[in-house]
Amino acid sequence: AIFQSTSIMLSTFPAPEDYAGTIKGTLLWMNMFIMFFIFQSFSKLYLYQVKTVEAKSKDKPIPPFPEIKYYNNKDALAMLGDRLVGNTL
């Protein structure tokens, strides 16, 4: 009786093909997350460049980068990047 239950257990173990959907979904999520991180980084760098050009043209002080990267809740592009990454988590 013990050997029969073991053979049934081994015959019903999932095949590698059964995991294809799970693996594809996980890889898709990982790729989206990485792309959102890249978008977040480049959006902050882009905004810093735009703010620097604006400040130079108006003879104002250039804002420090941490102000653009971490404490920026005025620009829609910065908020979009932050929320994409945060909501994906």
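Colour the chain by secondary structure to begin: this predicted model has four helices and zero strands, and from the N terminus on its elements run α-α-α-α. With the whole chain still selected, a surface display shows an accessible area of about 7,300 Å², of which 68% belongs to carbon and sulfur atoms. Of the 89 residues, 17% count as buried. Among contacts between residues at least 6 apart in sequence, 59% join residues at least 24 apart.

**Helix H2**

Select residues 20–57 next, which make up helix H2. Helix H2 has 38 residues and reaches 55 Å from its first C-alpha to its last, close to the 56 Å expected at 1.5 Å a residue. Now show the side chains of its buried residues, which are Phe33, Gln40, Ser43, Lys44, Leu47, Thr52 and Ala55. If you then bring back the rest of the chain, you will find that what covers these buried residues includes H3 and H4.

**The aromatic rings of H2**

Stay on H2 and select Trp29, Phe33 and Phe37, which form one aromatic cluster. A search of the whole structure finds four aromatic pairs, and one of them is formed by Phe33 and Phe37, whose rings are edge-to-face, at 4.7 Å centre to centre with 65° between the planes. That angle counts as edge-to-face because it is over 60 degrees. Both residues lie in H2, four residues apart, about one turn of the helix. An α-helix has 3.6 residues a turn, so residues three or four places apart point the same way.

Which of the two counts as partly exposed? It is Phe37, at 38% relative accessibility, whereas Phe33 is buried, with a relative accessible area of 13%.

**The loop after H2**

Move on to Asp59, which lies in the loop between H2 and H3. Just after H2, Asp59 takes a positive phi of about 55°, and this is a positive value in a residue other than glycine. At 71% relative accessibility, Asp59 counts as exposed.

**The loop before H4**

Continue past helix H3 (65–69) to Asp75, which is placed in the loop between H3 and H4. Is Asp75 buried or exposed? With a relative accessibility of 15%, Asp75 counts as buried, because the cut-off for that label is under 20%. To see its contacts, display Leu47 and Lys51, which Asp75 touches when residues up to four places away in sequence are not counted. Leu47 has already appeared on this tour, as one of the buried residues of H2.

**Helix H4**

Finish with residues 76–88, helix H4, which has 13 residues and reaches 18 Å from its first C-alpha to its last, close to the 18 Å expected at 1.5 Å a residue. Show Ala78, Gly81, Val85 and Thr88, which are buried in H4. They cover an arc of only 125° around the axis, and therefore lie on the same side of H4. With H2 displayed as well, you can see what this side meets, since the buried residues of H4 pack against H2. Then turn the view to the face of H4 directed away from its buried side, which carries the exposed residues Ala76, Arg83 and Asn87.

Definitions and conventions
Residues are numbered from 1 along each chain as its sequence is written. This is a predicted model: local features need pLDDT of at least 70, side-chain atom pairs count only at pLDDT 80 or more; totals for chains, interfaces and linings use all residues. Side-chain values use heavy atoms; hydrogens and water are left out. Rings of Phe, Tyr and Trp (its six-membered ring) pair if their centres lie within 6.5 Å; planes under 30 degrees apart count as stacked, over 60 as edge-to-face and the rest as tilted. Helices (H or I, at least four residues) and strands (E, at least two) are DSSP runs, numbered from the N terminus. Buried means under 20% relative accessible area, exposed over 50%, partly exposed in between (1.4 Å probe, protein chains only). The expected span of a helix is 1.5 Å times one less than its number of residues. The arc is that of the directions from the helix axis to the C-beta atoms. Contact means heavy atoms within 4.5 Å. Accessible areas come from the Shrake-Rupley method with a 1.4 Å probe; for residues, only the protein chains shown count as cover.
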